[in-house]
Amino acid sequence: MKSIAELQALRDEMQGKIGIRHDSDAGVRVVVGMATCGIAAGARPVLKAFADEVGRRGLTHVSVGQTGCIGICQYEPVVEVYEPGKGKTTYVKVVPEMVPLIVSQHLVNGNPVVEYTIGSAK
Amino acid sequence: MMQDLSLSILDVAQNSVAAGASFLSVTVDEQPARDLLRVVIADDGRGMTPEEARRAADPFYTTRTTRTVGLGLPFFKMAADLSGGGLTIDSAPGAGTTVTAEFGLTNIDRPPLGDVDETVAVLIQGSPDMDVLYVRRLGDRQMSLDTRVLRRALGDIPLDAPGVSRFIGEYLAQHTRELLAIDS
């Protein structure tokens, strides 16, 4: 059974790591629209998939968070990626199956997955 | 309409985030002997005036300026009303807000509960500076997760750090399985 004591060990392990994120503004930010429109369209498993994938790869320069309604409800679930110095990329109609490619191609290698972005949406 | 109640819980809890809450509690209380499912979402956010609280479950009332509808609470209220229960809002300016929804547990029109664990995990991930107390009760047994306890163990490691997110997910899954006596 999972117990809170494991967290102390986790803290000791993480404090030894270089590059642990303390200032989320310094790295890449992934935000998922989590208003009524986003949730109804399937944003929750998308946010979970980003958090899982970023965790699995140990990407300490990436933070995964949420925002409210972005204003383009017909394109939900909407995910925005903010990169320092590079601006914003908007992914639309995102499903969890798209997440590994966005993480590996964009968050790791810096190349947006153009076919999933709002510019390619019909 | 949300597919299940756990999505409505996530949606209604976003109101607490928007209200500047530093503490949110989510209680899912299943009482088979009374054929009752009760969901309580309570925060210490800025609260509402009596007029705002009265109109909060009206789909054509919203405080946001981007459009003229707000469907989070109306969906939740509709689900409760349709399954032989109801929804009440207890709020006052500066005193936080408590939303209580009751459902007929075995009512055929009650939406399924859905994945409350994922709702709680995503709430914590999405608002790592807010504290969350999650309690799930079944009869006289219960499980809980309290981020204030996690924070004491974690020191300055944030709740949305990757290892912590994984711990929270696994902790919720294991304790839920044990509460519901599901063989893993």
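Buried area is the accessible area that two parts lose on being put together, summed over both. With that idea in hand, let's look at how chain A and chain B meet in this predicted model. Between them, the two chains bury about 3200 Å², and 64% of that area lies on carbon and sulfur atoms. On the chain A side, A:Met1, A:Lys2 and A:Arg44 give up the most area to chain B, together accounting for 24% of what that side buries. Counted by residues, the contact brings 30 from chain A together with 42 from chain B.

A:Lys2 deserves a second look. Besides being among the residues of chain A that lose the most area to chain B, A:Lys2 forms a salt bridge with B:Glu170, and the closest N and O atoms of the pair are 2.8 Å apart. In total, 2 salt bridges link chain A and chain B.

Now follow chain A along to helix α1, residues 5–15, and find helix α5 of chain B, residues 147–154. Two packed helices are described by the angle between their axes and the distance between the axes. Here the axes come within 8 Å and cross at roughly 40°. An angle from 35 to 65 degrees counts as oblique, so α1(A) and α5(B) are oblique to each other. Their crossing is right-handed.

Which residues meet where α1(A) and α5(B) touch? From α1(A) come A:Leu7, A:Gln8 and A:Arg11, while α5(B) offers B:Leu150, B:Arg152, B:Ala153 and B:Leu154. Sorted by character, the residues of this contact are 4 nonpolar, 1 polar and 2 charged.

Key. Residues are numbered from 1 along each chain as its sequence is written. Chains are lettered from A and ligands numbered from 1 in the order in which they are written. This is a predicted model: local features need pLDDT of at least 70, side-chain atom pairs count only at pLDDT 80 or more; totals for chains, interfaces and linings use all residues. Side-chain values use heavy atoms; hydrogens and water are left out. Axes are lines fitted to C-alpha atoms, for helices over the stretch in contact, and angles run from 0 to 180 degrees between N-to-C directions. Helices (H or I, at least four residues) and strands (E, at least two) are DSSP runs, numbered from the N terminus. Angles under 35 degrees count as roughly parallel, over 145 as roughly antiparallel, 65 to 115 as roughly perpendicular and the rest as oblique. A crossing is left-handed if the near helix is turned anticlockwise from the far one by less than a right angle, and right-handed if clockwise. Contact means heavy atoms within 4.5 Å. Ala, Val, Leu, Ile, Met, Phe, Trp, Tyr, Cys and Pro count as nonpolar, Asp, Glu, Lys and Arg as charged, and the others, Gly among them, as polar. Buried area is the accessible area (1.4 Å probe) that two parts lose on being put together, summed over both. A salt bridge is a side-chain nitrogen of Lys or Arg within 4 Å of a carboxyl oxygen of Asp or Glu.
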